[in-house]
Amino acid sequence: MDMTTTLKHSQDLPGPYLASPLPRDVTVSFEFFPPKTEKAERSLWTCIERLAPVSPSFVSVTYGAGGSTRERTHATVLRIRQETDLEPAAHLTCVGATKDETKEVAQQYWNEGIRHIVALRGDPPDDATKYEPHPGGYAYAADLVAGLKEVGDFEISVAAFPEVHPEAVSAEADLDNLKRKIDAGASRAITQFFFDVNAYLRFMDKARDAGIIVPIVPGILPVTNFARVVQFAAMCNTSVPGWMAELFDGLDDDPETRLLVSATVAAEQCRVLYAAGVRHFHLYTLNRADLAYAICHMLGVRPPAELEPLLDDNL
């Protein structure tokens, strides 16, 4: 049972937790983005092959701003379906398509055996300053979820924002929007990345108080470039704690140490969340296996051959 559906969090949590006993009941999922070049495609498949042995619950493939990667997303999802034992989830947005066009894409996924969709409003095209619903298209993610359910009984994941969507008029309005998506048929929410664990826990309390009982899976972003993450976080309304800046200070020209720090920070974040009852984590891999694999290892999510000796030791 995912305890994020029931726990209440009345106070902030201390740390650290990396020295705690290794978890045995954690599950993970991964996000990839579709490659733009043959070299990037080889890199992606090296990543997939590296991560597949830890048996993720599912792997999702993103959809570019303005629907710019629709064909590449479809090709990547289909290849995962056909050439691996992984369960792929296709991102689908409201941007740049009519309802009929979107339903056609969804029907094609259904016919190809894809049963999981990550339904998002989507970002506007690069040449647009703000989001505008496409004429004849689904206006918002809740509308898209309802439309997908008309095509087939998809498993549908949607987005959640622990620190409020940057375009929301208020935290309450943002939470109401999440509830509309769940009421329309979504079975899971995956959060925008965050670094303040207590922001997520407070958000969980508010979501449960609002009657949202589906799993709300924390999205975990390992930091590979701190300056770039700070810029992206500002766009997403995600706070970056001061202690993170101190940890990454002086590592701009030291990629090896930076990766070690990144894996440790992300694993510690997950272990604190685990102590609060979270049992599933969605890792934003950026098509890199090294950090995601290391984080999984520290969470006890390992290939079966590696787990057997550890389980025997506990008998």
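A residue counts as buried here when its relative accessible area is under 20%, and as exposed when that value is over 50%, with partly exposed in between. By that yardstick, 51% of the 315 residues in the protein chain are buried. Keep in mind that this is a predicted model.

As for the overall build, the protein chain has eleven helices and nine strands. Take the contacts between residues at least 6 apart in sequence: 80% of them join residues at least 24 apart. The accessible surface of the chain comes to about 15100 Å², and carbon and sulfur atoms account for 52% of that.

Now to the charged pairs. Side chains of opposite charge can pair when their charged atoms come close. Searching the whole structure turns up twelve salt bridges. Three of the pairs, with the closest N to O distance for R279 and D25 and the N to O distance for the others, look like this:

| Acidic residue | Basic residue | N to O distance |
|---|---|---|
| D25 | R279 | 3.0 Å |
| D196 | R202 | 3.9 Å |
| D290 | R288 | 2.8 Å |

Which parts of the chain does the pair R279 and D25 tie together? R279 sits in the loop between α9 (255-275) and β9 (280-284), while D25 belongs to the segment before β1 (27-32), so their salt bridge links parts that are 254 residues apart in sequence. Is R279 buried or exposed? R279 has a relative accessibility of 19%, and because the cut-off for buried is under 20%, it counts as buried. Its partner D25, at 39%, is partly exposed.

The other two pairs in the table have partly exposed residues on both sides. D196 has a relative accessible area of 25%, and R202 comes in at 40%. For D290 the value is 38%, and for R288 it is 33%.

Salt bridges also link up into a network here, with E41, R79 and E83 as its members.

One more acidic residue deserves a stop: D176. This residue lies in helix α5, which covers residues 171-183. With 44% relative accessibility, D176 is partly exposed, because that value falls between the 20% and 50% limits. How far apart in space are D176 and A207? Their C-alpha atoms are 9.3 Å apart, with the two positions 31 residues apart in sequence numbering.

Definitions and conventions:
Residues are numbered from 1 along each chain as its sequence is written. This is a predicted model: local features need pLDDT of at least 70, side-chain atom pairs count only at pLDDT 80 or more; totals for chains, interfaces and linings use all residues. Side-chain values use heavy atoms; hydrogens and water are left out. Helices (H or I, at least four residues) and strands (E, at least two) are DSSP runs, numbered from the N terminus. Buried means under 20% relative accessible area, exposed over 50%, partly exposed in between (1.4 Å probe, protein chains only). Contact means heavy atoms within 4.5 Å. Accessible areas come from the Shrake-Rupley method with a 1.4 Å probe; for residues, only the protein chains shown count as cover. A salt bridge is a side-chain nitrogen of Lys or Arg within 4 Å of a carboxyl oxygen of Asp or Glu.
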